[in-house]
Structure formats: structure tokens, C-alpha cells
Amino acid sequence: MAQSLLPVVVDAGIPLAMYYVLNDGFGLSQVAALAWSSVVPALRTVWSLVRRTGVNGLAMLMLVVNVVGLATSTMTGDPRLMLAKDSVTSSVIGISMIVSVFLGKPLMTAGLKPFVTKGGAAGEAAWDRLMAGSERFRRAERRFSLIWGTVLLTECVVKGIGAYTVPVHTMVWLGTVLTLVAILLAMVIGGGSCADPMEKMVKAETEAGAGAGAGRATGTPAGDAGAVASAAPAAGAAS
């Protein structure tokens with residue numbers, strides 16, 4: 001849980017605190033405070049890319065959108081544009097998630113799979129078997145990314161409207177609250193309708209695979225193992 005919440009704290013909590021400290025405490029302008037507070041999540045994204053053996057498409061997308069948005073809004077000197085940058089980030093990521101589903105490579109699968117399989121070899125093997133043979137499992141995998149993409153697009157619309165209608169000083173913390181609400185909403189909906197059923201399917205498939213392996217080891221088909229076990233006490237009683 002701590003590992004899952006750490007990115008949220010870094011990307012939302014620290015920038016929020018930095019903005020008010022720099023703006024209210026050190027007297028920096030709203031544009032400068034917003035710009036400096038965006039540095040921490042950008043650095044975290046760079047670090048996550050550096051320490052991975054492969055490139056994480058979602059992390060790279062977030063970094064590019066943040067850098068381009070930050071550069072544009074800093075040059076214009078408009079704090080509301082800098083706030084709107086966050087909604088643009090959400091919209092690009094949300095659209096990318098939805099498009100990735102139709103391309104057959106759901107973006108959220110990279111985070112979903114370790115949770116569902118618990119990182120074990122048996123769980124990953126069960127995942128692969130279910131992906132190959134279960135339409136219900138594949139449908140849940142696609143739906144998970146669709147839910148996240150839809151929630152992020154909704155957050156984008158709300159934050160975009162707020163960036164130009166709510167006072168900047170208020171929208172800084174309100175935008176963070178909206179982000180956290182969107183994340184929690186996506187977690188609840190996606191977890192209940194997709195992740196939890198998939199986890200149960202993987203667990204059942206893992207147990208079935210283990211039973212089949214035990215049957216092969218004893219020379220007994222997995223489907224007959226229960227019959228052999230139940231017949232043993234009866235045979236003992238008859239003797």
C-alpha cells in the first residue's frame with residue numbers, strides 16, 4: 001500500500017506544499033511557484049524511467065506532456081494556463097489509455113498484471129493461459145484501462161473549467177483534490193469490476209494448474225485425484 005501511494009504523495013502532495021511555501025512564504029509569483037512545484041514530479045518520472053530496464057510508455061507520456069505544457073505556460077506567463085496544463089495531461093493520458101485498448105495493448109495492464117498475479121511465476125503462467133483461453137478475462141483486462149481513461153477524461157473537463165473560473169490560489173489545492181478523487185474513483189470502480197474478478201480467476205487457474213501438476217507427478221489425471229482420495233477411506237473400511 002505504501003509503495004502504491006508513494007507516487008501520489010510525490011506527484012500531488014509535495015508540489016501542492018511547495019506552491020504555497022514558495023508563493024506565500026517566499027513571495028514568488030504564481031507562475032514561478034507553479035513552475036518550481038512541477039519540478040519534483042518531473043524528476044520522479046525521469047528517475048522511474050532511468051532505473052527501469054525498459055521504457056515505461058505511460059511514464060514517458062506523462063513526462064513529455066508535462067515538459068511541453070510547462071514550457072508553454074512559462075513562456076506565456078499565465079498561471080491559469082499552467083493550471084490548465086494539468087487537465088491537458090489528464091486528457092492526453094486518458095485518451096491514450098482508451099486508444100491503447102482498441103490497439104490491443106491496454107496501457108494499464110503494466111500495473112494491473114503484477115497486482116493480479118502477485119508477481120509469482122505460477123500466477124503469471126495462469127495469467128498467460130487465461131489471456132489465451134478466456135474471453136471474460138480479456139474483456140476485464142480491456143475494461144480496466146477503459147475505466148481509467150474515462151475517469152481521467154472526466155477529471156480533465158472538470159479541472160479545465162476550474163482553471164479559468166476558480167481563483168488560482170484556490171484551484172491549486174482543489175486541482176489536487178480532484179486528482180485524488182479521480183484516482184480513488186478509478187481504483188474502486190476498476191478494482192471491483194475488473195481487478196478483483198481477474199485475481200480470483202488467476203487464483204483458481206493457479207490451483208487448477210497445481211492440481212494437474214500433482215496428478216501428472218503421481219500418474220493420476222487431475223480430474224480423478226478427488227475420486228481416488230475419496231475412495232481410499234472406503235477401501236480401508238471394507239478391508
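**Surface patch and nonpolar cores**

V99 is partly exposed, with a relative accessible area of 41%, where partly exposed lies between buried, under 20% relative accessible area, and exposed, over 50% (1.4 Å probe, protein chains only). The structure is a predicted model, in which local features need pLDDT of at least 70 and side-chain atom pairs count only at pLDDT 80 or more, whereas totals for chains, interfaces and linings use all residues. Residues are numbered from 1 along each chain as its sequence is written, and side-chain values use heavy atoms, with hydrogens and water left out.

V99 is placed in helix α5, residues 79-102, helices being DSSP runs of H or I of at least four residues, numbered from the N terminus. Together with I95 and L103, V99 forms a nonpolar surface patch with about 290 Å² of accessible area. Helix α5 also holds S91, which counts as buried because its relative accessibility is 14%; S91 touches L153 and C156, not counting residues up to four places away in sequence, contact meaning heavy atoms within 4.5 Å.

The largest nonpolar core (buried Ala, Val, Leu, Ile, Met, Phe, Trp, Tyr and Cys residues joined through side-chain atoms within 4.5 Å) has 22 residues, and L112, F137, F144 and M198 have the most contacts inside it. Two or more residues of this core come from each of α5, α6 (109-117), α7 (121-133), α8 (135-165) and α9 (168-218). Apart from this core lies another, of seven residues, including L83, A84, V166 and M171.

Technical notes:
Patches are made of residues with over 30% relative accessible area and no salt bridge: like charges are joined within 9 Å, nonpolar side chains (Val, Leu, Ile, Met, Phe, Trp, Tyr) within 5 Å. Accessible areas come from the Shrake-Rupley method with a 1.4 Å probe; for residues, only the protein chains shown count as cover. A salt bridge is a side-chain nitrogen of Lys or Arg within 4 Å of a carboxyl oxygen of Asp or Glu.
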